[in-house]
Amino acid sequence: MAASEGARLRTVIVPDAEDLARLVADRIVAVIRRATAERGRCVLGLAAGSTPLGIYEELIRRCQAGEVSFAKVATFNLDEYWPIAPDDPRSFRRAMWHQLFAQLDIPPKSVHVPAGDTPRDAVPAACAAYERAIRAAGGMDFQLLGIGRDGHIGFNEPGSAADSRTRLVTLDAITRRDAAAQFGDEASVPREAITIGVATILEAREIALLAMGERKAEIVRRAVEGEPAAEVTATFLQRHPNATAYLDRAAASRLTRMGGQPEG
Ligand code: F6R
C-alpha cells in the first residue's frame with residue numbers, strides 16, 4: 001500500500017482491483033460493526049456502476065460466511081437514470097438488487113434507490129423526500145463513490161454546485177457515451193437522471209472515492225491534485241475531513257508526486 005504525498009485528498013494506492021475490493025470491504029464491515037454496536041443501526045451510501053462490483057462480491061461473501069450482518073443496515077443509492085422503469089435491466093435499482101441486495105440479509109424496506117419512474121412533476125417532491133429519508137435514518141455513516149471520466153460523483157455533472165441537493169440533472173455527453181454499452185447505443189441512454197447532491201454527499205461521516213484502471217488516471221489526477229472547482233465535482237471531496245481516494249496503480253499512474261511508480 002502507498003500514499004501520494006502531493007495529494008490534496010488523502011490517497012491510498014494498492015497494486016490491483018482485488019486488493020482494493022478487500023481493503024474497502026474491510027472498511028465497510030468495520031463501519032457496520034461499529035455503528036450497529038454504538039447506535040443499533042448503520043447507514044451506507046452506495047454507488048452503482050462497474051467500480052464497486054468487487055467490493056459487493058466481498059461483502060456478499062462475508063455476509064454469507066456469517067462475518068457480518070446487514071439486518072440493521074439501511075442503504076441509499078446515489079442515483080438513477082430518469083426516466084427508467086425500476087425493473088428495466090439497465091436501471092441502477094435492478095442492477096443493485098441483482099449484484100448485491102438479493103444476496104444479503106438486508107430487509108428490503110431498508111434499501112433505497114431513487115425511483116426512475118417518478119412522473120416529472122412529482123420529481124421535486126420525491127427528491128425532497130429522499131433527502132428527508134436520509135436524514136431520518138441518521139445520515140450516511142459511510143459513502144461509497146465511483147468517479148466519472150468527467151469528474152462526477154453521483155451524477156453531479158460538471159458545474160454542479162457544492163450546495164446542491166437531490167435533484168433531476170441533465171447527463172453530460174461523456175457520461176452518456178460511457179453508458180452507451182449498457183443501453184446498446186448512445187442515443188438510447190436517458191438524457192436525465194436523479195442524483196443526490198454534492199452537499200448531501202459531503203454530509204457523510206466517511207467517504208471513499210474509488211477508481212480503477214488507466215482510463216480514470218487523468219480525471220483522478222485532477223480530482224486529487226487539482227484546485228477545488230465545480231468543473232470536476234470530485235474536487236469538492238478535498239474539503240471533507242474524512243474522505244479517502246482508494247486507487248489501484250493504473251488509476252494512480254498520473255499522480256505527479258507518485259511519478260507513476262507507487263510501491264506495492
Ligand atoms: C453510479 C454513480 C457514478 C459512477 C461513475 C463511475 O451510481 O454514481 O458516479 O460511480 O460514473 O462509473 P463506473 O464505476 O462504471 O466506472
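Trainee: What makes up the shell around the ligand: how many nonpolar, polar and charged residues?

Mentor: In this predicted model, the shell divides into 5 nonpolar, 7 polar and 2 charged residues. Glycine goes with the polar ones under the scheme used here.

Trainee: Which residues come nearest to the ligand?

Mentor: Of the 14 residues around the ligand, those are Thr51, Asp79, His152, Gly154 and Lys216. To be counted as near, a residue needs a heavy atom within 4 Å of the molecule.

Trainee: Why is the pair between Asp79 and the ligand called a polar contact?

Mentor: The cut-off for a pair of N or O atoms is 3.5 Å. A polar side-chain atom of Asp79 lies 2.5 Å from an oxygen atom of the ligand, so the pair qualifies as a polar contact.

Trainee: And what about backbone atoms, say those of Ala48 and Gly154?

Mentor: Same test. For Ala48, a backbone N or O atom lies 2.9 Å from a ligand oxygen, and for Gly154 the value is 2.8 Å, again to an oxygen atom of the ligand. Both values are within 3.5 Å, so these are polar contacts too. As for cover, the protein takes up 88% of the 410 Å² of accessible area that the ligand has on its own.

Trainee: Where does the ligand sit?

Mentor: In the largest pocket, which has a volume of about 680 Å³. Of the 31 residues lining this pocket, Ala48, Gly49, Ser50, Phe92 and Gln182 are the closest to its centre. Strand S4 (79-82), helix H3 (92-99) and helix H5 (173-178) each give two or more residues to the lining.

Trainee: What kind of peptide bond joins Trp82 and Pro83?

Mentor: A cis one, with omega at about -5°. Pro83 is in the loop between S4 and H3. Most peptide bonds are trans.

Terms used
Residues are numbered from 1 along each chain as its sequence is written. This is a predicted model: local features need pLDDT of at least 70, side-chain atom pairs count only at pLDDT 80 or more; totals for chains, interfaces and linings use all residues. Side-chain values use heavy atoms; hydrogens and water are left out. A polar contact is a pair of N or O atoms within 3.5 Å; within protein, one must be able to donate a hydrogen and the other to accept it, and residues adjacent in sequence count only if both atoms are side-chain atoms. Accessible areas come from the Shrake-Rupley method with a 1.4 Å probe; for residues, only the protein chains shown count as cover. On a 1 Å grid over the protein atoms alone, a cavity is a set of points where a 1.4 Å probe fits but cannot get out, and a pocket is an open set with protein on both sides within 12 Å along at least five of seven lines; lining residues have an atom within 4 Å of a point. A molecule sits in a cavity or pocket if more than half of its atoms lie within 2 Å of its grid points. Grid points are joined across faces, edges and corners, and a volume is the space filled by probe spheres set on the points. Helices (H or I, at least four residues) and strands (E, at least two) are DSSP runs, numbered from the N terminus.
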